[in-house]
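Trainee: I should like to learn how to read the arrangement of strands and helices in a model. May we go through one together?

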Amino acid sequence: MKNILIKNFKNLNNYGSGMMGLITIKQIHELLNGQVRFYSDFDEHAEMKQILNELNGNIEVNVYKPPVIENKSPINSISKRISTLKYILSNKGADDFDMVIVLGGDDLSEYYGKHVWPVFLSLYSWSFKTKIILFGQSIGPFKFWLNKFSFKKLANRCKIFTRDEYCFNYLKDELGITKNVTLSGDIAFLNLPLETDKAYEQEILTRYNLKPNGYISIVISGLLGKYYTESKSDYFNSYKQLIERLKALPEVSGKKICFLSHTFPPHGDEAGLLAEFESYLGSDTENLVFIKDKVYQAGARFILGNGLMTITGRMHASVSTFEMIKPSISLAYSVKYYGVIGDNLKRNDLIIDANTPALWSNGEIVTLIIEKVKYLIDNYNTIIPEIDTAVNTQKKLVNSAFNSLTNNL
């Protein structure tokens, strides 16, 4: 019986990271014929009953609680800093696990904070007692020297599966890391455990009165302010204009527009943001559907994959749409879009670099999206088979990575 610790699968409140956690546990469980116990660093938002339900199988999953720092020294004291460093470098309990899998996406970059080096040093310390796998990752790019230094130390003692060619080339060409690195794909390109449940799929669509190809999905990212624009007024007005211009398209006229929340606290309150946007629109909500409640990972994928197309500021909403062999227009704010969607799926033609406030203030973002929508409509029958081929290639890469990972145990 193997014991495996999964890191970065905190809860189901971010559909993207939740998808990667569910798929990883299910795949490894099957490859090891059930001879495995899983532990994950679940937080207070984790709904264990729902997690087990989404896994759709008899799988042992436990909560891992790391040791807590006990030091009452003043926050900026030398004693406090020494205690914190000792905690970071402690590998107590590491030998309880046969393997530690650190899940991607882009937590090992500087997009969400400058200081990633404590994570790298901690994993480096753990690598002396257990196997460390960085799985499905977009790593870097790093500007802060300590992040770069500590990651290079860790890279010599772990196995890395990048989720895109951009990251793979960055590690090789910029950081000089050539050993222990394998080009893979995003974990979420594989089927979710509940994805084959057609009755559940139909129940989800019926719940929101949606019919296959009878609507367009839109995911309004809650990263407003950090990316895109600081003006909520510009943000909401752009999406209001987008609705009006979509309804004016003959090919879209009569179809519903379905707004889906993709993250919930602590990852971003998109349900709250969507409620604000619905209120902003007033009474003009004909043919609009607002899904603010949690439908969880499989439910979200069924909704995204049954629409005509998706327009999204959340990358994994795009991945889910493509995985269901439908097209998605990504409103990008980082290089991960160009790696996972652009390079992996060869769909740079469906990415808009949206991280510029002027695009939202002058309305140009709406024009850019409408141009992509028209492009998709005109080339739909050609693009769908291309998506099918590209997604199958990614599935093979990720399955190969899982085989390599379990063979390493």
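The exchange below takes the sheet and then the helices that accompany it.

Mentor: Please keep in mind that this is a predicted model.

Trainee: In what order do the seven strands of the open sheet stand?

Mentor: The strands of this sheet pair in parallel fashion. From one strand to the next, the twist averages 20 degrees. Read across the open sheet, the order is β3-β2-β1-β4-β5-β6-β7.

Trainee: Which strands stand at the edges of the sheet?

Mentor: An edge strand here has a single partner strand, so one side of that strand is left without a neighbour in the sheet. The two strands in this position are β3 (61–63) and β7 (181–183).

Trainee: How many bridges join β5 to β6?

Mentor: These two strands run parallel. One pairing to look for is that of L134, whose bridge partner in β6 is I160. The number of bridges joining β5 to β6 is four.

Trainee: Through which helix does the chain cross from β5 to β6, and what is the handedness of the crossover?

Mentor: The path is a β-α-β crossover, and the helix on the way is α5 (residues 145–155). Its handedness is right-handed.

Trainee: In β7, which residue is the bridge partner of T162?

Mentor: Strand β6 (residues 159–162) and β7 run parallel and are joined by three bridges. F161 stands opposite T182 in β7. The chain passes from β6 to β7 through helix α6 (residues 165–174), in a right-handed β-α-β crossover. For T162, the bridge partner in β7 is L183.

Trainee: What angle does the direction of α1 make with that of β4?

Mentor: Helix α1 packs on the sheet and touches β1 (2–7), β2 (36–40), β3, β4 (99–103) and β5 (131–137). Between the direction of α1 and that of β4, the angle is about 145 degrees.

Trainee: Are α1 and α10 roughly parallel or roughly perpendicular to each other?

Mentor: Two packed helices are described by the angle between their axes and the distance between the axes. For α1 (residues 15–31) and α10 (residues 296–306), the axes lie 9 Å apart and the angle is about 110 degrees. Angles of 65 to 115 degrees count as roughly perpendicular. The two helices are therefore roughly perpendicular.

Trainee: How many residues of the contact of α1 with α10 are charged?

Mentor: On the α1 side, Y15, G18, M19 and L22 take part, and they meet Y296, Q297, A300 and R301 in α10. Of these contact residues, five are nonpolar and two are polar. The number of charged residues is one.

Terms used
Residues are numbered from 1 along each chain as its sequence is written. This is a predicted model: local features need pLDDT of at least 70, side-chain atom pairs count only at pLDDT 80 or more; totals for chains, interfaces and linings use all residues. Side-chain values use heavy atoms; hydrogens and water are left out. Axes are lines fitted to C-alpha atoms, for helices over the stretch in contact, and angles run from 0 to 180 degrees between N-to-C directions. Angles under 35 degrees count as roughly parallel, over 145 as roughly antiparallel, 65 to 115 as roughly perpendicular and the rest as oblique. Contact means heavy atoms within 4.5 Å. Ala, Val, Leu, Ile, Met, Phe, Trp, Tyr, Cys and Pro count as nonpolar, Asp, Glu, Lys and Arg as charged, and the others, Gly among them, as polar. Two strands pair if DSSP finds at least two bridges between them. A crossover is right-handed if, with the strands pointing away from the viewer, the path from the first strand over the helix to the second runs clockwise.
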